[in-house]
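Here are a few friendly notes to read alongside the model. They begin with a sheet and then turn to the domains.

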Amino acid sequence: MDTQVVIIGGGPSGLLLSQLLNRAGVATVILERGTRDHVLSRIRAGILEWGSVEVLREAGVGARMDAEGIPHDGTLITDADRVVHIDFKGLTGRRVMVYGQTEVTRDLYAAQDAMGTTIIHGVQDVRILDLDGPRASVEYTVDGQRRRLTCAHVAGCDGFHGVSRKTIPADKRQEFERVYPFGWLGILSRTPPVADELIYANSPHGFALASMRSESLVRYYVQVPLTDTVADWPDDRFWTEFRRRIPSDAAARLVTGPSIEKSIAPLRSFVSEPLRWGRLFLVGDAAHIVPPTGAKGLNLAVSDVFYLHDALIAALKGDQTGIDAYSARALARIWKAMRFSWQMTTMLHRFDGEDSFAARMRRATLAHLAESETARRDLAENYVGLPY
Ligand code: FAD
Ligand code: DHB
């Protein structure tokens with residue numbers, strides 16, 4: 001079978017790219033390894049930059065987000081009982097939207113269904129071939145049968161463990177990586193949020209984040225050792241630990257309840273360069289991972305897709321300049337988000353075995369943030385999202 005663009009991976013990157021391309025009349029096929037239920041059950045990111053909000057609206061999937069998402073004009077960064085308010089709106093004129101990745105994915109699936117686009121689930125053994133020829137091809141197995149697609153371009157939207165990045169010969173790509181010595185344990189609970197805004201909390205016991213999905217559903221995280229498993233964290237232990245890491249006035253207000261989801265994610269910074277290899281383009285987590293502290297993972301996937309969809313539409317009309325520029329253009333924004341996520345992670349987490357100097361540096365950074373509007377503006381500018 002022939003199509004214009006084969007998209008490997010039906011997570012947020014792949015679905016959004018398919019959505020934007022199909023709206024422009026470009027034919028695509030998405031090849032997704034998992035089931036639709038599997039993709040929709042993953043609880044991940046929760047914060048959209050305003051640029052992402054605008055891209056989702058442009059893609060025709062903004063209606064439920066605008067009705068049910070919660071705009072936030074600021075966030076709280078705390079150091080034990082010291083509370084620093086970062087006033088996004090006042091400092092940058094912009095805000096962010098609380099709207100979960102699960103909901104974004106659900107909206108994209110609904111829109112794809114309405115357009116009748118092709119999404120093939122349950123594919124195995126994807127192989128990407130002929131990337132330097134006049135047509136690329138992609139082979140895969142579904143329902144026990146080996147099949148083949150040919151296309152003009154392949155978008156690698158298959159996440160960190162996907163096949164796309166590894167298709168680029170090892171000696172033709174450069175990888176940059178930092179693995180952090182802790183993970184985040186996250187829970188979902190049907191309880192009211194402990195504050196109107198998110199709380200990013202540094203404490204002598206480690207980091208905690210109080211986030212939310214709605215007025216009655218919270219997403220809370222605590223920093224945990226990499227060796228811990230979910231079984232080590234019954235709900236009682238989670239609440240005790242979470243309570244002692246957030247400021248005492250918030251702790252006094254905290255409403256607890258049973259967790260309805262619990263998972264541990266390791267923290268990593270990773271970039272693979274370049275993002276293009278012949279007819280293949282890497283997008284989102286296939287090319288880069290940020291630690292979640294800056295809420296940038298999903299937002300970077302959206303900006304990659306935004307750059308690539310324009311470039312592919314132009315290329316299919318004969319103008320190659322956009323696809324030639326894609327890798328450098330996307331990487332310029334990616335590296336700035338890498339820096340911000342690394343800086344937020346360093347500022348807010350306790351590193352096992354760290355010396356007393358490191359703890360003082362964190363405290364001084366947070367004191368500076370409390371006292372300097374310039375420092376707060378810098379944080380706000382990065383958090384709400386740098387321009388595309
Ligand atoms: P993915 O969401 O990984 O989607 C890739 C898709 O490709 C998947 O559906 C997968 O099944 C499919 N696939 C993989 N291999 C193949 C293959 N060989 N063939 C076909 N299909 C394949 N970001 C934040 O901002 N905040 C958070 O709190 C946060 N928490 C996270 C927690 C976890 C556990 C993880 C893994 C990520 C988290 N992120 C978070 C990051 C954010 O969720 C990602 O940046 C975002 O999902 C990237 O979307 P993507 O479509 O590029 O990749
Ligand atoms: C959420 C996750 C993040 O990594 C973050 O920085 C903010 C919010 C969340 O899951 O809600």
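1. Please keep in mind that this is a predicted model. A good place to start is the open sheet, where eight strands run in the order E6-E5-E14-E15-E16-E13-E17-E20 and the pairing is mixed. Strand E6 (82-87) and strand E20 (288-289) form its edges, each pairing on one side only.

2. At the E6 end, you can follow the pairing with strand E5 (residues 74-79): E5 and E6 are antiparallel and share six bridges. For a handy landmark there, look for threonine 75, which sits opposite isoleucine 86 in E6.

3. Which helix packs on the sheet? Helix H11 does, touching strand E13 (174-189), strand E14 (199-202), strand E17 (259-273) and E20. The directions of H11 and E17 make an angle of about 125°.

4. Now to the domains. The domain assignment gives domain 1 as 5-72 + 95-177 + 268-345, and domain 2 as 180-265 + 352-384. Between the C-alpha centres of domain 1 and domain 2 there are 29 Å.

5. How many residues of domain 1 are in contact with domain 2? There are 15, and they meet 15 residues of domain 2. On the domain 1 side, strand E7 (96-98) and helix H11 (321-348) each contribute at least two of the touching residues. That side of domain 1 is made up of seven nonpolar, five polar and three charged residues.

6. If you have time for one element, I would pick H11: this helix packs on the sheet and also supplies residues to the side of domain 1 that touches domain 2.

Technical notes: Residues numbered from 1 in each chain as written. Chains lettered and ligands numbered in written order. Predicted model: local features only at pLDDT ≥ 70, side-chain atom pairs only at ≥ 80, totals over all residues. Domains from an automatic or database assignment. Contact = placed C-beta atoms within 7 Å. Helix = DSSP H or I, 4+ residues; strand = E, 2+ residues; numbered from the N terminus. Nonpolar A, V, L, I, M, F, W, Y, C, P; charged D, E, K, R; others polar. Pairing = 2+ DSSP bridges. Axes fitted to C-alpha atoms, helices over the stretch in contact; angles between N-to-C directions.
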